[in-house]
Amino acid sequence: MKRIGIYLERKPDSGGAYQYCLAMLKSLSEIAKDKEEYEITAYVMYHEWEEITNGMGLRTVYAMKNGFEKGFYYLCEKLLSVNACRKICPKIHPFGRALKKDHIDYCIYPCADKISFMMPTPAIVSVFDLMHR
């Protein structure tokens, strides 16, 4: 069985980014119906996602940072190299600890987020339109 995680950080007021996350989640919920081949876990940062993910029958893990974790994570990002962050951040971020505990094989990041390269789990990251650059 493959264990797939999806990182949901955008809130409903994020517009298109939220809608893209929602579309990705709906697609994953379809493959989650094959319980023998896939197990999908939604890692949510805001409680607004829980009703949606639970309604789709997906396992939901709330992984928001507390005040101490936010401060420590911020300092790591600013003061350490990327390699050092990759070693430390999975241990301090609740999301990183949850990925390890749940033995996730792949994690999908529907919205490009720097946390995707700080976690040791193989990642699939969406890159939005960059034409404005």
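Which residues of the largest nonpolar core touch the most other members? In this predicted model, they are Tyr 7, Tyr 43, Phe 95, Leu 99, Tyr 109 and Ile 115. The core holds 19 residues. Helix H3 (67-79), H4, H5 and strand S4 (106-109) each supply at least two of them. A further core lies apart from this one and has 17 residues. Leu 28, Ile 40, Val 44 and Leu 58 are among its members.

The overall fold comes next. The chain contains 5 helices and 5 strands. Along the sequence, these elements follow the pattern β-α-β-α-β-α-α-α-β-β. The radius of gyration is 15 Å, close to the 14 Å given by the globule rule for 133 residues, so the chain is as compact as a globular protein of that length. The C-alpha trace spans about 45 × 40 × 25 Å along its principal axes. Of the 133 residues, 39% count as buried. Contacts between residues at least 6 apart in sequence were also examined by separation. Among these, 57% join residues at least 24 apart.

Phe 95 illustrates the largest core. With neighbours within four places in sequence left aside, Phe 95 is in contact with Tyr 7, Tyr 43, Met 45, Ala 63, Cys 107, Tyr 109, Ile 115 and Met 119. Tyr 7, Tyr 43, Tyr 109 and Ile 115 appear both in this list and among the core residues that touch the most other members.

Met 45 is one of the partners of Phe 95. Met 45 sits in the loop between strand S2 (38-44) and helix H2 (48-55). This loop residue is buried, with a relative accessible area of 2%. Beyond four places in sequence, the contacts of Met 45 are Tyr 7, Leu 8, Glu 9, Tyr 62, Ala 63, Met 64 and Phe 95. Tyr 7 and Ala 63 thus recur, being listed for Met 45 and for Phe 95. Met 45 and Gly 96 lie 51 residues apart in sequence. Their C-alpha atoms are 13 Å apart in space.

Two helix pairs were characterised. Two packed helices are described by the angle between their axes and the distance between the axes. H3 and H4 pack at about 175°, and their axes are 10 Å apart. An angle over 145° counts as roughly antiparallel, and H3 is therefore roughly antiparallel to H4. From H3, the contact involves Glu 69, Phe 72, Tyr 73, Cys 76 and Glu 77. From H4, Cys 85, Ile 88, Cys 89 and Ile 92 take part. By class, this contact has 7 nonpolar, no polar and 2 charged residues.

Cys 76 belongs to helix H3. Cys 76 is buried, at a relative accessible area of 4%. Outside a window of four places in sequence, Cys 76 is in contact with Cys 85, Ile 88, Cys 89 and Ile 92. These four residues are the ones that H4 brings to its contact with H3. Cys 76 and Thr 60 are 16 residues apart along the chain, and their C-alpha atoms are separated by 27 Å.

The second pair is H4 (residues 82-92) and H5 (residues 94-102). Their axes come within 5 Å and cross at roughly 85°. H4 and H5 are therefore roughly perpendicular to each other. Pro 90, Lys 91 and Ile 92 of H4 make the contact with Pro 94, Gly 96 and Arg 97 of H5. The contact of H4 with H5 has 3 nonpolar, 1 polar and 2 charged residues. Ile 92 of H4 takes part in this contact and in the contact with H3.

Two further residues were examined. Ser 29 is found in helix H1 (residues 16-31). Ser 29 is buried, with a relative accessible area of 11%. Not counting residues up to four places away in sequence, Ser 29 touches Met 56 and Leu 58. Leu 58 is a member of the 17-residue core.

His 103 lies in the loop between H5 and S4. His 103 is exposed, with a relative accessible area of 54%. Most residues other than glycine have a negative phi. The phi of His 103, in contrast, is positive, near 55°.

Notes
Residues are numbered from 1 along each chain as its sequence is written. This is a predicted model: local features need pLDDT of at least 70, side-chain atom pairs count only at pLDDT 80 or more; totals for chains, interfaces and linings use all residues. Side-chain values use heavy atoms; hydrogens and water are left out. Axes are lines fitted to C-alpha atoms, for helices over the stretch in contact, and angles run from 0 to 180 degrees between N-to-C directions. Helices (H or I, at least four residues) and strands (E, at least two) are DSSP runs, numbered from the N terminus. Angles under 35 degrees count as roughly parallel, over 145 as roughly antiparallel, 65 to 115 as roughly perpendicular and the rest as oblique. Contact means heavy atoms within 4.5 Å. Ala, Val, Leu, Ile, Met, Phe, Trp, Tyr, Cys and Pro count as nonpolar, Asp, Glu, Lys and Arg as charged, and the others, Gly among them, as polar. A nonpolar core is a set of buried Ala, Val, Leu, Ile, Met, Phe, Trp, Tyr and Cys residues joined through side-chain atoms within 4.5 Å. Buried means under 20% relative accessible area, exposed over 50%, partly exposed in between (1.4 Å probe, protein chains only). The radius of gyration is taken over C-alpha atoms; the globule rule is 2.2 Å times the number of residues to the power 0.38.
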